[in-house]
Amino acid sequence: MALPDIAPYPMPAPASLPNGRVAWDVDPDRAVLLVHDLQNHFLDAFTPGASPVSELLRNVRALTDACRRAGVPVVYSAQPGGQTPAERGLQQDFWGPGLPAGTRAAAVHEAVAPADGDTVLTKWKYSAFVRTDLERRMRDQGRDQVLITGVYAHIGVLTSACDAWMRDLRAFVIADAVADFSERDHRMALEWAAGRCAAVTTTSRVLDALGEGRAADPAGTPRHASVWTAERVRADVAVVLGDRPEDVPLDEDLVDHGLDSIRLMTLVERWREEGAAVSATDLADRATVRAWAGVLARAHRRRGVPRP
């Protein structure tokens with residue numbers, strides 16, 4: 001009944017997303033962002049630095065940052081460790097005792113940890129609405145949209161989306177900001193949600209709606225991707241290394257801190273998707289955070305993007 005070891009698999013591409021039954025638009029004045037169960041216990045099942053968890057953490061971080069800037073409430077669900085059988089209920093029959101007691105297992109991953117002003121709900125069942133005050137908080141704030149990120153897509157994410165529908169709240173499942181046991185489970189969750197209870201969208205589209213994407217940048221490059229500060233690069237490196245950003249040095253060779261060719265290519269692919277015309281060779285010559293920030297800024301200027 002333990003969680004499976006999750007083999008790497010690719011995040012779904014926008015072109016592969018299922019057709020939906022609704023044409024809802026994200027409205028920052030009506031939305032709440034739900035970061036669902038991104039606790040170390042659940043993320044430990046993934047391969048650190050590999051897809052889909054690397055993209056998951058990067059995209060959730062971009063969304064939480066953008067929502068805070070836009071005034072969209074950020075709500076975390078987190079299951080408590082060391083639950084009694086009575087507290088577990090039928091989850092005990094399906095999944096065993098759940099999170100062990102102790103702070104690390106229950107903590108939200110440090111790359112996407114709650115900030116001051118965010119809300120953390122204690123979650124007991126699959127749905128983030130059951131035995132919590134999430135619905136009341138949304139109603140009190142006049143909000144009827146819930147943007148869902150986190151794990152696992154075919155269990156708690158999907159159940160929370162369906163539960164939102166049953167409460168006449170519009171759910172948006174962000175396809176590349178959730179992850180699952182397998183590519184098949186991930187795909188099933190998106191198809192079921194799109195056909196029955198939610199709008200399925202992408203991180204890029206939500207950032208557009210929040211004023212942080214391509215629609216906000218006349219040069220055609222996502223604004224959140226064009227600011228190549230050392231701190232921004234450090235945060236991305238921390239995700240693939242599985243470290244806290246503050247533990248990643250700015251001027252030391254990253255090879256000495258766990259960077260390898262696979263993690264380097266993950267970063268190259270990510271940054272190329274975000275508009276930086278770089279190669280592994282460009283970055284391998286001097287593998288430090290500060291040097292990479294300069295390389296990435298120059299790569300954007302070559303594409304005609306003004307230096308921030």
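The exercises below work through selected features of a predicted model, each with a stepwise solution.

In this predicted model, local features need pLDDT of at least 70, side-chain atom pairs count only at pLDDT 80 or more, and totals for chains, interfaces and linings use all residues. Residues are numbered from 1 along each chain as its sequence is written, and side-chain values use heavy atoms, with hydrogens and water left out.

**Exercise 1. Describe the surroundings of aspartate 118.**

Solution.

Step 1. Place the residue. Aspartate 118 sits in the loop that runs between helix H5 (103-106) and strand E3 (119-122). Helices (H or I, at least four residues) and strands (E, at least two) are DSSP runs, numbered from the N terminus.

Step 2. Classify its exposure. The relative accessible area of aspartate 118 is 17%. Buried means under 20% relative accessible area, exposed over 50%, and partly exposed in between (1.4 Å probe, protein chains only). Aspartate 118 is therefore buried.

Step 3. List the polar partners. A polar contact is a pair of N or O atoms within 3.5 Å; within protein, one must be able to donate a hydrogen and the other to accept it, and residues adjacent in sequence count only if both atoms are side-chain atoms. The side chains of aspartate 118 and arginine 68 make such a contact at 2.7 Å. In addition, a polar atom of the aspartate 118 side chain lies 2.8 Å from the backbone nitrogen of alanine 115.

Step 4. List the contacts, defined as heavy atoms within 4.5 Å. Leaving out residues up to four places away in sequence, aspartate 118 touches Arg68, Val74 and Tyr76.

**Exercise 2. Find salt bridges and state the exposure of their partners.**

Solution.

Step 1. Apply the rule: a side-chain nitrogen of Lys or Arg within 4 Å of a carboxyl oxygen of Asp or Glu. Over the whole structure, the search returns 17 salt bridges.

Step 2. Take aspartate 65 and arginine 61, whose closest N and O atoms are 3.9 Å apart. These two residues are separated by about one helical turn, because they are four residues apart in helix H2 (residues 53-70). Aspartate 65 is partly exposed at 28% relative accessibility, and arginine 61 is partly exposed at 28%.

Step 3. Take arginine 136 and aspartate 133, with closest N and O atoms 2.9 Å apart. Arginine 136 is partly exposed at 46%; aspartate 133 is partly exposed at 24%.

Step 4. Take aspartate 163 and arginine 167, with closest N and O atoms 2.8 Å apart. Aspartate 163 is buried at 10%, whereas arginine 167 is partly exposed at 23%.

Step 5. Look for shared partners. Arg61, Asp65, Arg68 and Asp118 are joined into one network by salt bridges that share partners.

**Exercise 3. Check the spans of helices H11 and H12, and describe their burial and ends.**

Solution.

Step 1. Compute the expected span as 1.5 Å times one less than the number of residues. The twelve residues of H11 (residues 230-241) should span 16 Å, and the end C-alpha atoms are 16 Å apart, so the two agree. H12 (residues 261-273) has 13 residues and reaches 18 Å from first to last C-alpha, close to the expected 18 Å.

Step 2. Examine burial. Eleven of the twelve H11 residues are buried, among them Arg232, Arg234 and Asp236. In H12 the buried residues are Arg263, Leu264, Thr266, Leu267, Val268, Arg270 and Trp271.

Step 3. Inspect the ends. Glycine 242, which follows H11, has a positive phi near 75°. The N-terminal end of H12 is capped by aspartate 260, with a side-chain oxygen 3.3 Å from the backbone nitrogen of isoleucine 262. Just after H12, glycine 275 has a positive phi of about 105°.

**Exercise 4. Characterise the interface between domain 1 and domain 2.**

Solution.

Step 1. Set the bounds, which come from an automatic or database domain assignment. Domain 1 covers 14-213 and domain 2 covers 230-304. Their centres, taken over C-alpha atoms, are 28 Å apart.

Step 2. Count the contacting residues: nine in domain 1 and 13 in domain 2.

Step 3. Find the buried area, meaning the accessible area (1.4 Å probe) that two parts lose on being put together, summed over both. The value is about 900 Å², with 55% from carbon and sulfur atoms. Of the area that domain 1 buries against domain 2, Gly49, Arg58 and Glu110 supply 56%, more than any other three residues.

Step 4. Check for polar links. The rule finds zero salt bridges across this interface, and zero residue pairs are in polar contact (both at pLDDT 80 or more).
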